Amino acid sequence: MSASDLPRKEANVLKGHEGAVLAARFNGDGNYCLSCGKDRTIRLWNPHRGIQIKTYKSHGREVRDVHCTSDNSKLVSCGGDRQIFYWDVSTGRVIRKFRGHDSEVNAVKFNEYSSVVVSAGYDQSLRAWDCRSHSTEPIQIIDAFSDSVMSVCLTKTEIIGGSVDGTVRTFDIRIGREISDDLGQPVNCISLSNDGNCILAGCLDSTIRLLDRSTGELLQEYKGHTCKSFKMDCCLTNTDAHVTGGSEDGFIYFWDLVDASVISSFRVHTSVVTSVSYHPKDNCMITASVDGTIRVWKT
């Protein structure tokens, strides 16, 4: 994929949030997207047609992250009210609230089977919750971190967390092993490559780092954007050929995965780009910002 194939034409602007949008995510097949923000709401959109489908309200504080099950029937959200909300997508009803974090919850993810949710908290812990049982207690607490856990990724057998303490820690649930990679800079976003071999870590020294999952080796560093004080997403494109991430000046950047050169950068918002999500199959992405909008980009 060349630079000309990357999405940089604005296809739609999704407006509805009152205040900063903190996260926007495509669902599993890329037909819909979810967003959440300072206005305490979660919103479901058809980004390709530019329409809002539903609004979910129950959080008492800002909503920081949202994730959808692979069959699109349930979603999970978290935020400033210290709780994890488990929702029915079609009815908009809260099925369960998981309580246990001592402070704000930064990130949530379903496992592959949508049976377990893992949350990352300001209280320096990762917590796993069973969606199928009626218990609201966590089934596992991982408190190996020494500062706020900002981001979480899951594989079939592992929980991976990125923390302000500068580490990316991988916990193998089957054998109870922990591997820690110290990046020496606060980590505020992690994401997995599509082949599962690498971890991308966005750090607060305006650098995105690529790690080999099996060895922990630092493979590459991507620079040019500004990331010093906001939680911002970074991810790989669906072909793993490029790295993309937002910047505090409203720009988005695309880097070549291998040589880390900036392939493309352009202004997508008037303020901090908090979130970027790449379509699972097409050359399409959504960006979200403190400016209150979500924008859909195509080639």
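Which residue in S21 is the bridge partner of Thr207? I looked up the pair and found Lys223. I note at the start that the model is predicted.

**Entry 1: the sheet around S20 and S21**

I followed strand S20, residues 207–212, to its pairing with S21 and counted five bridges in the antiparallel sense. I then traced the sheet and got an open arrangement of four strands in the order S18-S19-S20-S21, with antiparallel pairing. Strand S18 (187–192) and strand S21 (218–223) are at the edges; each has a single partner strand, so one side of each has no neighbour in the sheet. For the twist from one strand to the next I noted an average of 20°.

**Entry 2: strand S23 and its partners**

I asked how many of the five residues of S23 are buried. The tally was five of the five, so the strand is largely enclosed by the rest of the structure. I also sorted its side directions: His242, Thr244 and Gly246 point one way, while Val243 and Gly245 point the other way, and all are buried.

I looked next at the partners of S23. Strand S22 (residues 234–236) pairs with S23 over three bridges in the antiparallel sense. In that pairing, Cys235 has Thr244 of S23 as its bridge partner. The hairpin of S22 and S23 has five residues between the strands, and there I noted a positive phi near 65° for Asp240.

With strand S24 (residues 251–256), S23 shares five bridges, and the two run antiparallel. Here Val243 is opposite Trp255 in S24. The hairpin of S23 and S24 has four residues between the strands, and Gly250 takes a positive phi near 90° in it.

**Entry 3: the cavity**

I searched for cavities of 30 Å³ or more and the count came to one. For the largest cavity I recorded a volume of about 60 Å³. Which residues line the largest cavity? I listed Asn188, Gly202, Cys203, Ile208, His225, Cys227, Met232, Asp233, Cys234, Gly245 and Gly246. Strand S19 (198–203) and strand S23 (242–246) are the elements that give two or more residues to this lining. By class I logged five nonpolar, five polar and one charged residues in the lining. I cross-checked the S23 contribution against Entry 2: Gly245 and Gly246 point opposite ways from the strand, and both are buried.

**Entry 4: aromatic pairs**

I counted nine aromatic pairs in the structure. I took Tyr86 and Phe98 as one case: the ring centres are 6.5 Å apart and the planes are at 35°, so the pair is tilted. Tyr86 is in strand S8 (residues 83–88) and Phe98 in strand S9 (residues 94–99), so the pair ties together parts twelve residues apart in sequence. I checked exposure for both, and Tyr86 and Phe98 are buried.

As another case I took Phe266 and Trp297. Their ring centres are 5.5 Å apart and their planes at 65°, so I logged the pair as edge-to-face. Phe266 belongs to strand S25 (residues 262–267) and Trp297 to strand S28 (residues 293–298), so this pair ties together parts 31 residues apart in sequence. Phe266 and Trp297 are also both buried.

I then asked which residues ring pairs link into a cluster with Tyr86 and Phe98. I found Phe110 and Trp129 in that cluster.

Technical notes:
Residues are numbered from 1 along each chain as its sequence is written. This is a predicted model: local features need pLDDT of at least 70, side-chain atom pairs count only at pLDDT 80 or more; totals for chains, interfaces and linings use all residues. Side-chain values use heavy atoms; hydrogens and water are left out. On a 1 Å grid over the protein atoms alone, a cavity is a set of points where a 1.4 Å probe fits but cannot get out, and a pocket is an open set with protein on both sides within 12 Å along at least five of seven lines; lining residues have an atom within 4 Å of a point. Grid points are joined across faces, edges and corners, and a volume is the space filled by probe spheres set on the points. Ala, Val, Leu, Ile, Met, Phe, Trp, Tyr, Cys and Pro count as nonpolar, Asp, Glu, Lys and Arg as charged, and the others, Gly among them, as polar. Two strands pair if DSSP finds at least two bridges between them. Axes are lines fitted to C-alpha atoms, for helices over the stretch in contact, and angles run from 0 to 180 degrees between N-to-C directions. Rings of Phe, Tyr and Trp (its six-membered ring) pair if their centres lie within 6.5 Å; planes under 30 degrees apart count as stacked, over 60 as edge-to-face and the rest as tilted. Buried means under 20% relative accessible area, exposed over 50%, partly exposed in between (1.4 Å probe, protein chains only).
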